[in-house]
Amino acid sequence: MAQANGGAMPFLISGGGIGGLVTAYSLARQGFPVRVFEQSPEFREVGAGIQLGPNIFRVLEKIGLKDEVLADAHIPPAQEMRDALTGKLITRIPLDQAFMQRFGQPYAVIHRADIHGVFLKACQGSNLITLETSRRVDDFADKGDHVTVTLNNGETVKGRALIGCDGMWSKIRERVVGDGKPRVSGHIAYRGVLKREEVPEDLWRPDVVLWAGPRTHFVHYPLRRGELYNLVAVFHSDHYEEGWNAEGAKDVMWQHFKMQVPQVTRMLERIETWRMWVLCDREPVKNWSKGRVTLLGDAAHPMLQYLAQGACMATEDAVILADRLAASADDPAAAFQAYQQDRYLRTGRTQIMARVYGEFYHARGVTAELRDMAVGSRNQQQSYDGIAWLYGGP
Ligand SMILES: Cc1cc2nc3c(=O)[nH]c(=O)nc-3n(C[C@H](O)[C@H](O)[C@H](O)COP(=O)(O)OP(=O)(O)OC[C@H]3O[C@@H](n4cnc5c(N)ncnc54)[C@H](O)[C@@H]3O)c2cc1C
């Protein structure tokens, strides 16, 4: 298999984030040569922690990277949801043996740089993959039996097909789908990371804990085998139109959280410098492939982070796309259609349900009481049933 597709024109990938790198590796495993163009001067992930559902481990196992990803991860014993105004426990979902039995894979949390690092190392170890930095894809053309891309240095490169893994503001999407700018959700995320020793002993918890407040939520969990502690504070705001990994003003955030329980405010006070993300998404579509060009990850189906699934979905995309291409190596356009057909309902459902979860976390008044009643009355199996559509896939 590995040699069957070698020697031909390479697949071209625009973007070397989590989606681009795992796609390159998945294609190389099927024997395809790949060139990855990343606009930044180095392959690097900014940001903090991400949660990984059992669905990503199912596909990571398939491409042989599950153990590498788990090596740097932390496996929390449970997910907890608490009321940020009273401290009351709303629900606790164990992620223990019963979870493993139900889904066959673990739930883990990891630093984005660590999972990106695993994918980067895997790509560097493949002689079918060429990784190129400071190379921005500025234009492309579908020539019917091949594609060309124009890079920022003026070079034109020929390839078998083009996969746009260029994120939320994908340039390739503009031409393939043409649905304008992403939707600004009105929610802002502030993220910060503490060292283990910077977390007061009585506040350190091994679980993923979500504090649900009116129009806010705050999540914390350990990272990197427990050596770091990840904090994410989300609140509603119409102040910002754009911003990605910009520095976030502390006093603006504080206005939204100052009335919450000390377990929240004491933790928030520990962070000196917050990084801010303006959260955006898009309506689901099912036309993200056109001829020899397709999209993947946030370029195809950007979602809010409330189900903690963007990177998981990009990884699922990559493995399924590589399977479809292997099954139809001579006809990438047909493989891209088959991949899109496989993926659009699952990713679309995740985009829509992420919005619903956001509303649910940020509920106020009677709506919050109803939420607490609904989730608080579930037993463990019912909690698993509620998320089986997502964690049981792809
Ligand atoms: C606050 C927050 C929390 C999150 N939490 C989770 C979580 O818990 N679990 C989870 O699974 N996901 C989570 N996500 C989502 C996840 O981070 C993204 O879905 C994922 O990183 C998308 O990867 P990607 O490769 O598709 O896009 P990106 O990571 O955006 O990568 C795109 C890459 O393309 C490059 N690029 C762009 N344009 C060009 C061009 N023209 N030419 C060349 N290169 C280009 C960029 O420099 C970048 O490196 C979260 C996101 C946010 C904002």
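These legends go with several views of one predicted model.

**View 1. The protein chain as a whole.** Here we've got twelve helices and 19 strands (DSSP runs, H or I of at least four residues for helices and E of at least two for strands, numbered from the N terminus). The radius of gyration, taken over C-alpha atoms, is 21 Å, close to the 21 Å that the globule rule (2.2 Å times the number of residues to the power 0.38) gives for 394 residues, so the chain is as compact as a globular protein of that length. Along its principal axes, the C-alpha trace spans about 60 × 45 × 40 Å.

**View 2. The six-stranded open sheet.** The strand order reads β7-β2-β1-β11-β19-β18, with mixed pairing (two strands pair if DSSP finds at least two bridges between them). At the edges sit β7 (129-132) and β18 (289-290), each pairing on one side only.

**View 3. Zooming in on β11 and β19.** These two strands, residues 161-164 and 293-295, run parallel and are joined by three bridges. Look for Leu162: its bridge partner in β19 is Val293.

**View 4. Inside and contacts.** Of the 394 residues, 57% count as buried (under 20% relative accessible area, 1.4 Å probe, protein chains only). Take contacts (heavy atoms within 4.5 Å) between residues at least 6 apart in sequence: 75% of them join residues at least 24 apart.

**Notes.** Residues are numbered from 1 along each chain as its sequence is written, and side-chain values use heavy atoms, with hydrogens and water left out. Since this is a predicted model, local features need pLDDT of at least 70 and side-chain atom pairs count only at pLDDT 80 or more, while totals for chains, interfaces and linings use all residues.

Note on methods
Buried means under 20% relative accessible area, exposed over 50%, partly exposed in between (1.4 Å probe, protein chains only).
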